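Please look over the structure below before reading on. The paragraphs that follow go from particular residues to the chain as a whole.

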Amino acid sequence: MRFKDLVKSNRSYRRFDPSVRVDMETLNALVDLARHTASAANRQPLKYILCNDDQMNEKIFDCLAWAAYLTKWKGPKPGERPAAYIVILGDKSVSDNFWCDHGIAAQTLLLGAREKGLGGCMLAAINHKRLRPLLGISPDHEVLLVIALGKPAEEVVVEDVVDDDGESNGSIRYWRDDAGVHHVPKRSLDELIIQRVSH
């Protein structure tokens, strides 16, 4: 897959095919990709918890909030839930500031998952008080993100931020149509680039 296609196919997938398992070897390989990414001052403070156990997955699921714009949707139903999770932690004994390391790592994990035919969702809406004791997370480790992973079982469409007349209305709220297709509005390139300096 071309890199551009890989990036464009890397959406926030929130419903998964339960028949497709994600083995520990795959989770290890994804973290190994993240391990090779940039880190502020090369401190490498990120640590990871990997889980593909069904019972623990359900407990982790209960610590997460899914898709804030879909106010009537409480997250994937049983039979649509992630096959695995990667919890990204910041080790405070290594650094007291994790800068953007976890964002770089999370994006790398998800791109690696897409290359393997999987998909995922980066979650920061976490019930820390429930997750920390559940996974026995040390006070030295800050919970930064949870990555949900599995084989996507939904269609996600990227479209321009426009209204019915084709004009931009500024709405970036994602939504689902009656067929369950997940629509993600994106701002245009011209809106994002505010200046071009060239020779």
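**A walk through the chain**

L70 is found in the loop between α3 and β2, where helices (H or I, at least four residues) and strands (E, at least two) are DSSP runs numbered from the N terminus. This is a predicted model, in which local features need pLDDT of at least 70 and side-chain atom pairs count only at pLDDT 80 or more, while totals for chains, interfaces and linings use all residues. Residues are numbered from 1 along each chain as its sequence is written, and side-chain values use heavy atoms, with hydrogens and water left out.

With a relative accessible area of 13%, L70 is buried; buried means under 20% relative accessible area, exposed over 50%, and partly exposed in between, with a 1.4 Å probe and protein chains only. Which residues does L70 touch, not counting those up to four places away in sequence? They are Y174, W175, R176 and H182, a contact being defined as heavy atoms within 4.5 Å. The C-alpha atoms of L70 and R173 are separated by 9.0 Å, although these residues are 103 residues apart along the chain.

The neighbouring topic is that of aromatic rings. A pair of aromatic rings is described by the distance of the centres and the angle of the planes. Rings of Phe, Tyr and Trp (its six-membered ring) pair if their centres lie within 6.5 Å, and planes under 30 degrees apart count as stacked, over 60 as edge-to-face and the rest as tilted. By this rule the count comes to two aromatic pairs. The rings of Y69 and Y174 have centres 4.8 Å apart and planes at 55°, so this pair is tilted. Because Y69 lies in the loop between α3 (54-61) and β2 (84-91), and Y174 in the loop between β5 (156-160) and β6 (175-176), the pair ties together parts that are 105 residues apart in sequence. Y69 counts as partly exposed at 30% relative accessibility, whereas Y174 is buried, with a relative accessible area of 16%.

R15 offers another view of how separate parts of the chain come into contact. This residue is found in the loop between α1 (3-9) and α2 (24-35), and at 14% relative accessibility R15 counts as buried. Leaving aside neighbours within four places in sequence, R15 is in contact with W73, P76, E80, K151, P152, A153, E154, R176 and G180. R176 is also one of the residues that L70 touches. Computed along the sequence, R15 and G79 are 64 residues apart, while their C-alpha atoms are 8.8 Å apart in space.

Two residues in the loop between α2 and β1 can be taken together. The place of A41 is in this loop, before β1 (46-51), and Q44 is placed in the loop between α2 and β1 as well. Phi of A41 is near 55°, a positive value in a residue other than glycine, and phi of Q44 is likewise near 55°. With a relative accessible area of 66%, A41 is exposed, while Q44, with 45%, is partly exposed.

At the start of the chain, M1 sits in the segment before α1 and counts as exposed at 69% relative accessibility. Leaving aside neighbours within four places in sequence, M1 is in contact with L6 and S9. The C-alpha atoms of M1 and R114 are 9.8 Å apart in space, with their positions 113 residues apart in sequence. Q55, found in helix α3, is exposed too, with a relative accessible area of 64%. From Q55 to V94 the sequence separation is 39 residues, and the C-alpha to C-alpha separation is 32 Å.

Finally, consider the chain as a whole. There are six helices and seven strands in the protein chain, which follows the pattern α-α-β-α-β-α-β-α-β-β-β-β-α when read along the sequence. Buried residues make up 42% of the 199 residues. Among contacts between residues at least 6 apart in sequence, 77% join residues at least 24 apart. Along its principal axes, the C-alpha trace of the protein chain spans about 55 × 50 × 35 Å.
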